[in-house]
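Me: I'd like a close look at one part of this model, namely how its aromatic rings pair up. Start with the overall picture, then walk me through the rings.

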Amino acid sequence: MAPSLPASSVVRYYLYKATKAVEFYRPVMYLYFLSQGLTFTQIAALEAVYNLTTVVGEVPTGYVGDRVGRRNSLLLGTSVIAATLVGLGFAETFPAFLGLYALWSLGYTFRSGSEDAWLYDTLTVELSEDAFARVRGRGESMALLVGVVGAVVGGYLGSVDLRYPFWVAAGLTAVGIPVLLSMPEPESVEGAGGDVLSVRRALGIIRGALTRRRLRAFVLYYYVLFAAVLYLVFIFVQPIFETVTLDLGLAQAQVEQALGWYYAGISLVGAALSYNAGAIEEHVGLRTWFLVLPLGVGAALGAMWAVPVLALPVLLLVRGVADTTATLASQYVNDRIESTGRATVLSAMAMVSAVTVVPFQLGSGVLSDAVSPLFALAVAGGVLAVGSVVVWLWEAPIASA
């Protein structure tokens, strides 16, 4: 029988997730960078710096989360992100954006592993670890529902001044600080009984997790192949949307507002799926989900190259399933690692994704310049489909039971 939800800590978790909505600036962020005089090459450099900072920072910040507490790590990350968003709205030069992007990435690394580790350990104490996918999925749904409004508002704010969405997002993010202060530290961290996580032990935990049978194939399958392609979809949504809609007759002056509504649609799809993450795990199953989805996404991205108008529904759906898939992936990994070092291991997974996306990023940039973003995503879809088959032939990434 499923545990009764929600407990008090889970309610606070939902409130915190609601403050994480970033859709205010997402529909216009690349348009904003271009308006500030940045070139596409410089924007690619910003993304590369973001990922390289993630590579450098993920494991150390996950280690900090295991040492000082998950909540304290979340507090630090949230504060850094809010300050960075304010700075991005004032930045005018490439070096300023470069420094802020590195700081932005660092803020997210403090939150990436610690957030899931906090929730999983809290549920183990208060409810049941089996509730993780359901609670995390509903938390993502909460953030995405706020994001529906945020995307529309951000689109309209961007049509007035492209800086405004960043400042509004900073204010909402800052609301997460008092919410986090009200959240308890899980007993698995507070009451560890002197079981201090050393650097050597942390590295051993990471090595053990990444080489464990089933988990090692899953890391390659999801955190390398699938996550990298989803990242490319995120980058190319705006230029592809602009190109396709202008070809369909949309006026240039209406692009920002249309993007706001489009991102609202992405958030609605994501919210509906994330809310039912637990049901997906129970009725569809992780094995079926991760077997079918990469192949379907790969085929859909290839189809966009042949029929460009398909990009509008395909990109909406692919972006919409991203958060739900991340929830299910985190459930699979959490079920196979111990509480001690949990944030460190989860951060290591994020680091793997950050390392992998750099060559994908550079390659897709070259293809986009030479042909088009649609062609780049078609190639990425082919790599995803073929790579997924190869991983399954080597070793099933998802255990059958």
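What share of the contacts in the chain with a separation of 6 or more comes from residues 24 or more positions apart?

Reply: That share is 87%, counting contacts with a separation of 6 or more. Keep in mind that this is a predicted model. The chain has 16 helices and 0 strands, and 55% of its 401 residues count as buried. Its accessible surface is about 15700 Å², with 67% of that belonging to carbon and sulfur atoms.

Now for the rings. There are 27 aromatic pairs by the rule used here. Take Tyr32 and Phe97: their ring centres sit 6.1 Å apart and their planes make an angle of 70°, which is over the 60 degrees needed, so the pair counts as edge-to-face. Tyr32 belongs to helix 2 (residues 29-35) and Phe97 to helix 5 (residues 94-126), so this pair ties together parts that lie 65 residues apart in sequence. Both partners are out of reach of the probe for the most part: Tyr32 counts as buried because its relative accessibility is 1%, under the 20% cut-off, and Phe97 is buried too, at 0%.

A tilted example is Phe218 with Tyr332, at 4.7 Å centre to centre and 45° between the planes. Here Phe218 comes from helix 10 and Tyr332 from helix 14 (residues 311-334), so to speak two distant parts of the chain, 114 residues apart. Phe218 is buried at 0% relative accessibility, and Tyr332 is buried at 1%.

Back to the edge-to-face pair for a moment: Tyr32 and Phe97 are both members of one aromatic cluster, which also includes Tyr25, Tyr30, Phe33, Tyr50, Tyr101, Trp104, Phe166, Tyr231 and Phe234.

As for the nonpolar surroundings, the largest nonpolar core holds 91 residues, and Phe290 and Leu315 have the most contacts inside it. Helix 10 (residues 215-247), the helix that carries Phe218, gives this core its largest share, 23 residues. Leu315 touches Val233, Val237, Ile240, Tyr262, Leu301, Met304 and Leu377, leaving aside residues up to four places away in sequence. There is also a second, separate core of 16 residues, with Leu74, Leu75, Leu123 and Val135 among them.

One polar side note: Lys17, in helix 1 (residues 8-18), is buried with a relative accessible area of 1%. Beyond residues up to four places away in sequence, Lys17 touches Glu115, Gly139, Glu140 and Ala143.

How values were computed
Residues are numbered from 1 along each chain as its sequence is written. This is a predicted model: local features need pLDDT of at least 70, side-chain atom pairs count only at pLDDT 80 or more; totals for chains, interfaces and linings use all residues. Side-chain values use heavy atoms; hydrogens and water are left out. Helices (H or I, at least four residues) and strands (E, at least two) are DSSP runs, numbered from the N terminus. Buried means under 20% relative accessible area, exposed over 50%, partly exposed in between (1.4 Å probe, protein chains only). Contact means heavy atoms within 4.5 Å. Accessible areas come from the Shrake-Rupley method with a 1.4 Å probe; for residues, only the protein chains shown count as cover. A nonpolar core is a set of buried Ala, Val, Leu, Ile, Met, Phe, Trp, Tyr and Cys residues joined through side-chain atoms within 4.5 Å. Rings of Phe, Tyr and Trp (its six-membered ring) pair if their centres lie within 6.5 Å; planes under 30 degrees apart count as stacked, over 60 as edge-to-face and the rest as tilted.
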